[in-house]
Amino acid sequence: MFDALSDRLEGILGRLRSRGRLSDRDIEEALREIRTALLEADVDVGVARSLVDGIRLRLVGETLSKSLSPGQQVVKAVHEELIRVLGGETLKVTFASAPPTVVLLAGLQGSGKTTTAAKLARWFRQQGRNPMLVGADLQRPAAVEQLRILAEQVGVPMYSQQADPVAVARTGKEEASRLGRDVLIVDTAGRLSIDEELMEEVRQVSAVVSPHYTFLVIDAMTGQDAVSTARAFHDALELDGVILTKLDGDARGGAALSVKETVGRPIAFASTGERLADFDLFHPDRMANRILGMGDALTLIEQAEREFDKGVAEQSAAALLQGRFTLEDFLAQLQQVKKLGSLGGVLSLLPGVPKEMRQASSAVDDRQVGQVEAIIRSMTRRERLDPSSIDGSRRLRIAKGSGTTTQDVNQLLRQFKEAQQLMRSPGMLGGLLGGAKGGRMAQALSDAMADAPELGESGLGAGASPFGSARTPARAGAGGGSKKKKKGGRVTPKAGGQGRGR
Amino acid sequence: MVALWIVLAVALLALVVGGVLVVGRARRRRAVGRPAAPTPPARPAAPTVPVVEAPPVAGPEVAEEAPPGEPLVEAAAPELRAGMGKTRGLLSGYWRSLRARSSIDAQTWDDIEEALLRADVGVATTGALLEDLQTRVRGGELSGADAVLAALREDLRSTLAGAGDVGLRFDPGSTNVWLFVGVNGVGKTTTIGKVARRQRAAGHSVLLAAGDTFRAAAAQQLETWGERIGVPVVRGAEGGDPSAVVFDAVQRAAARGNDLVLADTAGRLHTKVNLVEELKKIRRVAGREPGNVTEVLLVLDATTGQNGLAQARQFLDAVEVTGVVLTKLDGTAKGGIVVAIQRELGLPVKLVGVGEGPDDLIPFDPAAFVDALFA
C-alpha cells in the first residue's frame, strides 16, 4: 500500500524524460498499473475498464510536461478523471414547499443507516431546521432503542411503535406534521437487495412517505458487490444520492466510484467516524486521492486537530520553522505523532512525501521507534538540549537506562545531528516542502485547506500555501544526505503502538 | 539509518501538521465565531477503571433463572448454496461461457481473471492462481477449458482447506471464552446469538458477555438475543469499561458452572490505535484465571472488498485471531477475500452466516463455498 501509484508509474515511465511524448506502449503499460491500482481500491471491474478507456483517450498524443515527471503527469490525468467521475454537481439540498421534507435511508445490513440518520438530523439542525427521526427498523433487536438514544443526544424527537415499518413510517410522517417538524428522516432496516419481500417492503415505505430524498447508505469498504447492490436499490427506489460511511478506516473506497458510475447520482455525504459530528458533505477530490492511494491530507489534519495538544503543536511548528530542533523538541513531537497511529501509517496519509522517506518509514518497526524514545527519555533535559555534553560515562548511563547499548546511543546521537543539519540546510526543508514533491504536498495541503470550512472562511487563496512554495516548482534537488532506498518492509503499518502515551 | 528516518519523519509531520494548525487557528480567530453544536462524549482513549468488577448497576445484571427462550427445535442447517446464491449472478454467466469454450485463449484467461476479481478474490491472489494455471497449461498438464476450471476449483478448495481443522476449539473442564471481534456493522452480536443457539443445543452451558459498552443500545441488543435463545447475559453500564464486563462474566461463569462465555466487543476500525489497544486489554483480561480463551473470532462481512485483508492482518496481529466468521453470505457478495486471507495469513474461515435468524449459521465447508462460487 505504500507504493503509491505515482511511484509505480515512476518506475515504468521514469526513463521517458528525454523523449517528447508518451508512446502508445508507454500508455498501455501505465494503464495496466492504473487498472491494478483501481482494482486494489475495490473499484468495480467494469467501471475500472471504462475509466481506463477514458484515461487512455486523455493521454494519447499528449506531450510530456516540462515541470512534471511522466509518472506525475499520468497520475494527474487519472486524478482529474476520477474527480470528474466522482464530482459533477454536488447535491444541493432543497426543502419542500409543504413541510416536512422527507429523507429516506436504505441500504444493506450494517452499513450505518441508524448512525447516519442521527448524523443527518444533527446536520439539518445545524442548518437551522427542525428535524425529526422515525425508527422504521423493527427487524434488528434494539434498533429503535439505539435511535432513541441518538435522537436524545442530538436533541430531536423520535417516533416509532411496535407495528410494521410501513405503518410506522406513515404515522411518523403524520406526527412530524402535527409537531410542526420541517424535516423527517426515516431510518429503515438493513435488507439484502435480492430479498424480494423486503425490497417490496421498502418500496411501500417509500410510497407511504413520498420522500424528497432517498439515500443509499453504503460502507466505504464494500468490494465488488457495490454495483449490484446500488443498481438493485436504485431500481426499487429511484435514489437521489448516496451516503458513504466509515471513511475513517483505511479502505481505499473504490465503491464510491462504482456506485457513482452505476447510479449516476451524487455522493451527497461522507461519514468519517463514530461520533455524531463526524459527518459532512462529500469531497470528490479527497476521495480521488484516497482511491489512488495518494493519501488524504485533510483526514490527517482533522485527526491531528482532534488528538494533538494545540499548545505543543504550535510551539513545535514555530521552533521548526526557525530551524530549531532539539532532542527535547523531538521527544515532544514524537508523543504527539504517536497519537495518530503508527509512523508509517500516518506518513502514508501525507501526499508528496519523498519516496525514500516513505519506504524507509514503512520499514520502521514501532519497536524501533520505542527504542529511540527510550534512549531519549533516559537523558536529562540538559542533555537533550545540548547533546554535545554527553560524554562516555553519560552514554553508558543512558544505554543502561534505556536497555540499549552505547553503540545504539551513539548511533542515535550521530543520526540526530545529521538530521538537524539536513533540516537546517537551505535546500532540505524547502526541498521537503517546496521541492517537486514537496510542492505537490504543499499544493495538496493548500487545496485541502481551501476546501475545509473549519480552517477558515476563504481558505488560503490561489497558489498560496502555509509554506510559501510555488505552484509548479522545478524539480529541486531536495536535500543531500544519505537517502538509502530501503526495499521491502512492511506492507501495512503495525496498528498496536509499543510506546507509552497513547 | 533507521533513527535518521524516524527523526525526519516525525519532524516533517510535526511541522506540517503543527504548521497547519497554527494557520488554521489564526484564521479561526479572525473568522466569525460559530456556535459549536453539542457533541456526545468521545470514546475513552484508555479506560481508567481498574479491572476488578463490573460497575454496580441497580437491579440484577443477570437473571437468576435463565429465561426459557424459544424451543430448541433442531432446525436443519440451511444449505450453503440456497443461503448464498438465491440468484444466478454475474459469475455463473462467466463460468457458463467458459465451459462452452473448448480451447483456451487469451480471452479465456481474461474471463477467468474477471470472474475471480468480481468475487473479491483480489488482484494479487488472482494473479497467483492464474500464473499457476497458465504454467500447467504450458507444461501440457492441463488442456481444455474444462480441465482448467476443474483445476481452478481444486486450487481454491485446497487453499481454503488450508491447515485442515476448522472446528471451534473447546477445552472441557474449563471456562472457555470465545471472543468476537471486528469492525463496525459486520454482525458480531447477531453471530453470537446464532453461536449461542448452536452451542446450547450441543449441550454447553453458555453465558453471554455484553462487551460492547460503547454503541447505543448494544447491550440491549445482546440481551434480546439472550432472551430469544434462553441464555443469560452479563452486562455493565453504558460507557463503562468493556474489560470489566468480560472479567465479570468469566467470574460469574466459573461460579455458576457455565463452560462457555461468548464475549461481544464493540465494532472498531483496525486503524484506530487506542481502540486496538483496548481490545488487546479485553483479550488479556478474558484469559485471566479462570478464563480460557479458546477462540478469537474475527467477524467479517462478505461484502467487504480488499480492506478485509487489512482488517484480518491487523486483528490477527493485535489479538491472535484464530478464525474468521464470514457473514451475510446470503446476499450477492461472494466473499472471495477469504481466499487471500487464508493464503497470506493462514487464517481459516470457521463459520458462515447466511441470514439474520438464530439458525442462519453453518460451519465453513471449502468445497461447498467454491461450488457456490461456480454456481
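# Exercises on helices and sheets in chains A and B

Helix H12 (residues 337-345) of chain B is mostly covered, since seven of its nine residues are buried; a residue is buried if 20 or more other C-beta atoms lie within 10 Å of its own, exposed if 12 or fewer, and partly exposed in between, with C-beta atoms placed from the backbone. This is a predicted model, in which local features need pLDDT of at least 70 and side-chain atom pairs count only at pLDDT 80 or more, whereas totals for chains, interfaces and linings use all residues. Residues are numbered from 1 along each chain as its sequence is written, while chains are lettered from A and ligands numbered from 1 in the order in which they are written.

## Exercise 1: the surroundings of H12(B)

Identify which residues of H12(B) are buried and what covers them.

Solution. Helices (H or I, at least four residues) and strands (E, at least two) are DSSP runs, numbered from the N terminus. In H12(B), the buried residues are Ile337(B), Val338(B), Val339(B), Ala340(B), Ile341(B), Gln342(B) and Arg343(B). Their cover includes helix H5 (123-138), helix H6 (145-161), helix H11 (307-319), strand S6 (323-327) and S7 of chain B; contact here requires that the C-beta atoms of two residues, placed from the backbone, lie within 7 Å. After H12(B) comes Gly346(B), whose phi is positive, near 70°.

## Exercise 2: the sheet of chain B

Determine the strand order of the sheet in chain B, and explain why one side of S3(B) and of S8(B) is left without a neighbour in the sheet.

Solution. The eight strands form an open sheet of mixed pairing, in the order S3-S2-S4-S1-S5-S6-S7-S8, where two strands pair if DSSP finds at least two bridges between them. Strand S3 (233-234) and strand S8 (361-363) of chain B stand at the edges with a single partner strand each, so one side of each has no neighbour in the sheet. Strand S7 (residues 349-353) of chain B is joined to S8(B) by three bridges, and the two run antiparallel; within this pair, Val352(B) has Ile362(B) as its bridge partner in S8(B).

Next, turn to strand S4 (residues 260-263) of chain B, both faces of which are covered, with Leu260(B) and Leu262(B) buried on one side and Val261(B) and Ala263(B) buried on the other. In a regular strand the side chains alternate between the two faces of the sheet. Strand S1 (residues 175-181) of chain B pairs with S4(B) in the parallel sense over four bridges, and Leu179(B) has Ala263(B) as its bridge partner there. Strand S2 (residues 206-209) of chain B is likewise joined to S4(B) by four bridges and runs parallel to it, with Val206(B) bridged to Leu260(B).

## Exercise 3: two helix pairs of chain A

Describe how H3(A) packs against H4(A), and how H13(A) crosses H14(A).

Solution. Two packed helices are described by the angle between their axes and the distance between the axes. The axes are lines fitted to C-alpha atoms, for helices over the stretch in contact, and angles run from 0 to 180 degrees between N-to-C directions. Helix H3 (residues 45-59) and helix H4 (residues 70-86) of chain A pack at about 130°, with their axes 10 Å apart. That makes H3(A) oblique to H4(A), given that angles under 35 degrees count as roughly parallel, over 145 as roughly antiparallel, 65 to 115 as roughly perpendicular and the rest as oblique. The contact is made by Leu51(A), Gly54(A), Ile55(A), Arg58(A) and Leu59(A) of H3(A) and by Val74(A), Ala77(A), Val78(A), Glu81(A) and Val85(A) of H4(A).

For the second pair, the axes of helix H13 (residues 310-321) and helix H14 (residues 327-338) of chain A come within 10 Å and cross at roughly 135°, and H13(A) and H14(A) are therefore oblique to each other. The residues in contact include Val312(A) and Ala313(A) of H13(A), and Asp329(A) and Ala332(A) of H14(A).

## Exercise 4: Ala232(A)

Decide whether Ala232(A) is buried, partly exposed or exposed.

Solution. Ala232(A) lies in helix H9 (residues 226-237) of chain A. Because Ala232(A) has 18 C-beta neighbours inside 10 Å, it counts as partly exposed. Between Ala232(A) and Leu192(A), the C-alpha to C-alpha distance is 9.4 Å, although the two are 40 residues apart in sequence.
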